[in-house]
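Hi,

Here is the structure I promised to pass on. Have a look below, and my notes follow.

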Amino acid sequence: MSTADAALLPSRAPAPALTRPGLGRLTLVELRKMVDTRAGFWLQLSVAALTLLIVVVTALTGHDSDHTLSNMLNNSVQPASVLLPIVGILLVTSEWSQSTTLTTFALVPQRSRVVSAKLLASLALALAAFVICLALSLIATAAVAGGVEGAWHLPATMVLQMFVYLAIAMVGGVAFGAALLSSAPAIVLSFVLPISWSIVSNLIAGLDSVGRWLDPGRTYAPLTDHLLSGKESARLLTTVLVWVVLPLAIGVWRILRSEIK
Amino acid sequence: MIEAEGLTKNYGGKAAVRDVGFRCEPGTVTGFLGPNGAGKSTTLRMICGLTPPTAGSSSVLGMPYARLTNPGRQVGVLLDASAQHAGRTGREALGVSAQLMGVDRARVPELLERVGLERSAAKKRVRQYSLGMRQRLGLAHALLGDPEVLILDEPANGLDPVGMRWMRGLLRDFADRGGTVLLSSHLLREVEATADQLVIIGNGRIVAQGTRDELLAGTGTIVRAATDDAALAKALRAADMDPRETADGLLVDAAPELVGQAALRGGVALRELRAAEGSGLEQLFFELTGDGDSAGGDVSAPTPTPALEATR
């Protein structure tokens with residue numbers, strides 16, 4: 001065995017004091033996992049490309065009344081709100097489909113810390129996407145409606161609401177992925193379930209009052225449109241409880257107690 | 001140091017692993033042997049905190065695995081060579097873990113080279129890897145954190161003979177430097193050459209364990225006549241010996257010199273006369289492997305041979 005080889009084997013010198021990998025580091029690792037596979041990379045590139053396209057189209061078409069920062073931003077977050085949840089789903093489910101859970105949970109036995117890191121990484125990705133949307137919207141507004149009165153009107157609370165809109169979608173993806181632990185069903189159901197529920201609750205008169213509180217299609221929409229009223233906030237929270245918190249709770253329970261094979 | 005005590009795992013009322021206990025000391029290689037489905041992988045997963053045991057406990061470096069500060073830097077684990085994201089490159093798979101454990105990223109190319117994955121292979125996605133390449137990547141992954149303990153499930157699977165020899169040398173060296181190695185295998189020959197300790201499991205139960213030398217110690221003599229085995233058997237019976245036919249020749253429960261003298265008295269020329277190293281172990285292992293298909297069922301473990309029982 002050469003000396004070069006020997007250098008790589010355990011030195012058996014007194015081990016340096018070990019520290020537990022912090023949540024920050026785990027989050028960075030999860031962010032890395034989002035982009036180091038083809039699926040993740042192309043998904044995010046498509047989000048960026050679509051966002052750019054939508055901003056350009058919004059800026060070049062329509063009336064002056066549409067060329068407001070508020071409208072630009074509203075349109076620009078739409079691709080991310082639809083596609084980023086898939087990144088969130090895959091961030092969880094790919095560990096199961098690829099059996100990398102064996103590695104991940106051998107390196108971090110406290111599984112709840114891995115789940116936390118995945119949630120934080122998802123929020124970080126949502127924030128990054130939102131900042132890009134905001135930047136593109138600012139540039140587009142400056143380019144086509146710089147002098148138009150009222151074009152720049154956008155209260156800080158509205159900006160926050162739009163981010164919350166994106167963040168809910170993103171965390172919802174992670175939650176569905178965690179609850180189902182399987183890519184295809186999680187992706188399909190995360191689209192089909194809310195839409196079906198939306199249709200059903202609109203068609204059946206008796207369910208209409210329920211739909212007003214639990215239909216994501218209806219309760220999420222005001223977030224990007226206007227400042228929420230108290231009642232709208234309550235409806236939003238109720239929907240989030242059912243569509244995000246509940247699947248997430250089921251998912252965490254499954255992940256923490258399942259046998260990793 | 002690895003300790004397991006009374007590890008038991010039931011699936012739907014059936015015991016996959018029953019009361020498994022053993023100890024792996026620093027500086028030794030322990031071979032965890034058993035046919036497929038005997039409960040090896042389940043036991044290793046329990047030790048690594050991935051499968052909750054129904055009963056019993058285990059510890060690595062003196063504490064339950066889940067309480068290790070930074071497991072990747074303390075224990076190198078390879079439970080399934082295919083458990084890498086198929087869409088990542090080999091280098092990226094190690095890179096992710098290096099970042100997680102806080103290991104200098106310069107170790108990644110070093111280790112890839114060390115396990116024989118050249119630069120071109122490291123850039124390929126794991127999907128394109130052969131099983132042998134995945135094993136090498138898995139071994140690199142296990143060594144990445146410069147651990148004191150290695151836990152490897154069937155690491156030789158898919159390796160070619162050169163690769164196996166290389167791995168044996170690597171594990172031997174790791175142990176000689178004070179590391180603890182626990183590796184599982186379903187092939188006796190594969191671990192015989194590397195392990196100092198053997199733990200043999202069949203149908204979820206430990207059927208024999210001890211040092212390799214104890215388990216392989218003479219359990220008789222193998223003898224073959226130059227031409228006439230029947231005459232040889234007759235000569236041995238005349239000396240009050242009870243020869244049994246095996247694939248290797250006649251197995252006699254007596255020391256080689258006594259067997260030689262008996263053959264001389266019978267006037268039979270010999271072609272082979274040697275101590276039957278580990279043929280008892282092999283016999284036991286054959287019985288276990290024969291039962292391998294029904295593992296997980298209620299088939300009771302074969303009775304260990306007296307020689308093995310004595311060493312437990």
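Accessible areas here come from the Shrake-Rupley method with a 1.4 Å probe. On that basis chain A exposes about 12000 Å², and carbon and sulfur atoms supply 71% of that area. Keep in mind that this is a predicted model.

Staying with chain A for a moment: there are 12 helices and zero strands, so read along the sequence you just get α-α-α-α-α-α-α-α-α-α-α-α, counting helices as DSSP runs of at least four residues. Its C-alpha atoms fill a box of roughly 75 × 50 × 30 Å along the principal axes. Of the 261 residues in chain A, 47% are buried. As for contacts in chain A between residues at least 6 apart in sequence, 73% of them join residues at least 24 apart.

Now the empty space. Rolling a probe the size of a water molecule over the atoms shows where such space is left. The structure turns out to hold five cavities of 30 Å³ or more, and the largest has a volume of about 180 Å³.

Which residues lie nearest the centre of that largest cavity? They are A:T103, B:V77, B:L78, B:L79 and B:H141, out of 19 lining residues. Helix 5 (101-107) of chain A, along with strand 5 (75-78) and helix 6 (131-143) of chain B, are the elements that give two or more residues to this lining. By class, the lining has 12 nonpolar, six polar and one charged residues.

Cheers

Terms used. Residues are numbered from 1 along each chain as its sequence is written. Chains are lettered from A and ligands numbered from 1 in the order in which they are written. This is a predicted model: local features need pLDDT of at least 70, side-chain atom pairs count only at pLDDT 80 or more; totals for chains, interfaces and linings use all residues. Side-chain values use heavy atoms; hydrogens and water are left out. On a 1 Å grid over the protein atoms alone, a cavity is a set of points where a 1.4 Å probe fits but cannot get out, and a pocket is an open set with protein on both sides within 12 Å along at least five of seven lines; lining residues have an atom within 4 Å of a point. Grid points are joined across faces, edges and corners, and a volume is the space filled by probe spheres set on the points. Ala, Val, Leu, Ile, Met, Phe, Trp, Tyr, Cys and Pro count as nonpolar, Asp, Glu, Lys and Arg as charged, and the others, Gly among them, as polar. Buried means under 20% relative accessible area, exposed over 50%, partly exposed in between (1.4 Å probe, protein chains only). Contact means heavy atoms within 4.5 Å.
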